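Visitor: I have a model open on my screen and would like to talk it through with you. Could you walk me around it?

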Amino acid sequence: MNIGIRLHDTLPGTLAERLTYAREQGFSCAHLALSKAVSGFSMDDAPRLLNEELAASVRGDFAAQGMECVVLGCYLNLADPDPERRKRTQEIYRAHLRFSRMMGARVVGTETPANKESRFDQPAPESEEAFRLFMDGLKPVVRFAEEEGAILAVEPVATHIVSTPERAERMLNELPSDNLQIILDAVNLLSPENEGRAQEVIGEAIRRWGDRVRVLHMKDYNLISGKVKSGACGTGKLRYESLLTLAKERDLPMTLEDTIPDNAEQARLHLENIASQIK
């Protein structure tokens, strides 16, 4: 199994030090959010900062530990209704897509929030207006990905615009590009209303877009005070068999979320133990 971790969840340090910590805990890949893992990096300055020199440095740090960057995070809002802000955000995405190719990341990862600037009536993310605005913001970024030879991977979230297996499939059908793929985070698909059908929801996601999944995000959850609260793998009620079967069948990398340095290795071992029992 190719299991990794978000580098900003490791012990603090330089990028090289964080990669060393991750490798020492048995991880073989990583999710890199530059603004969270690299001191002084500003997303606003990404088009200037994401150059060949930085790419060579980051690529070297990963190579020194024999690790792969499977996700380069760029979790900015593409549903911003302001044309100038949206254009600037799209340029930041383009810089990340170009950088992902230069430094060897598999995908640039993103989500689809509808933030307060979007002005949608509640329930905001579920509205057709929100979906159309997001798609308008997404289309140029997918074209950038095609031009750069990179992959943008959208992570559906129950409270966001691309919120369900059906909406994600609609997105993929409207933009049928090999450069638009999916990050599957099962817990992010769950809500207080559907968590009792967690395996059904996960199965539907795999059925609708399993062949478009490039990376799995792995965590656990509990229902606390009527809310889905996520945590490290092995600390809640999620069953991982279908996800790990998908990972084995398609040789998919996965990165842990919601870990701390004290439980990250145990979370990895929890997944590996379940995977070892899957034929």
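Guide: What follows is a conversation about a predicted model, moving from the sheet to the helices, the charged pairs and some backbone angles.

Visitor: Let's start in the middle. Which strands make up the closed barrel, and how do they pair?

Guide: The barrel is closed and has eight strands, running in the order S1-S2-S3-S4-S5-S6-S7-S10, and the pairing is parallel. Within this sheet, neighbouring strands are turned against each other by 30° on average, with direction ignored.

Visitor: Pick one strand for me. Is S3 mostly covered or open?

Guide: Strand S3, residues 68-73, is mostly covered, since five of its six residues are buried.

Visitor: And who are the neighbours of S3?

Guide: On one hand, S3 pairs in the parallel sense with strand S2 (residues 29-32) over four bridges, and there His31 has Val71 of S3 as its bridge partner. On the other hand, S3 pairs in the parallel sense with strand S4 (residues 107-110) over three bridges, where Gly73 has Gly109 of S4 as its bridge partner.

Visitor: What do S3 and S4 make together with helix H5?

Guide: S3, helix H5 (residues 83-103) and S4 form a β-α-β unit, and that unit is right-handed.

Visitor: Where does S10 come in?

Guide: Strand S10 (residues 254-256) pairs with S7 in the parallel sense over three bridges, and the bridge partner of His217 in S10 is Thr255.

Visitor: OK, helices now. How do H5 and H6 sit against each other?

Guide: Their axes come within 9 Å and cross at roughly 30°, which makes H5 roughly parallel to H6. The crossing in which H5 passes H6 is right-handed.

Visitor: What about H7 and H8?

Guide: For helix H7 (residues 165-174) and helix H8 (residues 198-209), the axes come within 9 Å and cross at roughly 15°, so H7 also counts as roughly parallel to H8. H7 passes H8 in a right-handed crossing.

Visitor: Switching to charges. How many salt bridges are there?

Guide: The structure holds 26 salt bridges. One of them joins the side chains of Asp185 and Lys219, with an N to O distance of 2.8 Å.

Visitor: What does that pair tie together?

Guide: Asp185 lies in strand S6 (residues 180-185), whereas Lys219 lies in the loop between strand S7 (213-218) and strand S8 (220-224), so the pair ties together parts that are 34 residues apart in sequence.

Visitor: Are Asp185 and Lys219 buried or exposed?

Guide: Both Asp185 and Lys219 are buried. These two residues also belong to a network of salt bridges that links Arg6, Asp9, Asp185, Lys219, Glu257 and Asp258.

Visitor: Which salt bridge sits within helix H6?

Guide: The side chains of Arg143 and Glu146 meet in a salt bridge at 3.4 Å, N to O. Both residues lie in helix H6 (residues 128-148), three residues apart, which is about one turn of the helix.

Visitor: How accessible are Arg143 and Glu146?

Guide: Arg143 is partly exposed, with a relative accessible area of 38%, and Glu146 is partly exposed as well, with a relative accessible area of 34%.

Visitor: And what about Glu265 and Arg268?

Guide: Their side chains meet in a salt bridge at 3.5 Å, N to O, and both residues lie in helix H10 (residues 264-276), three residues apart, about one turn of the helix. Glu265 counts as partly exposed at 34% relative accessibility, whereas Arg268 is buried, with a relative accessible area of 8%.

Visitor: Last topic, backbone angles. What is the phi of Asp251?

Guide: Phi of Asp251 is near 55°, a positive value in a residue other than glycine. For context, most residues other than glycine have a negative phi.

Visitor: Where does Asp251 lie, and is it buried or exposed?

Guide: Asp251 lies in the loop between helix H9 (241-250) and S10, and Asp251 is exposed, with a relative accessible area of 62%.

Visitor: You mentioned Asp258 in the network; what is its phi?

Guide: Asp258 has a positive phi of about 60°, although it is not a glycine. Asp258 is found in the loop between S10 and H10, and Asp258 is partly exposed, with a relative accessible area of 28%.

Terms used. Residues numbered from 1 in each chain as written. Predicted model: local features only at pLDDT ≥ 70, side-chain atom pairs only at ≥ 80, totals over all residues. Heavy atoms only, no water. Salt bridge = Lys/Arg side-chain N within 4 Å of Asp/Glu carboxyl O. Helix = DSSP H or I, 4+ residues; strand = E, 2+ residues; numbered from the N terminus. Buried < 20%, exposed > 50% of the residue type's maximum accessible area, 1.4 Å probe, protein only. Pairing = 2+ DSSP bridges. Right-handed = clockwise from strand over helix to strand, strands pointing away. Axes fitted to C-alpha atoms, helices over the stretch in contact; angles between N-to-C directions. Parallel < 35°, antiparallel > 145°, perpendicular 65-115°, else oblique. Left-handed = near helix turned anticlockwise from the far one by under 90°.
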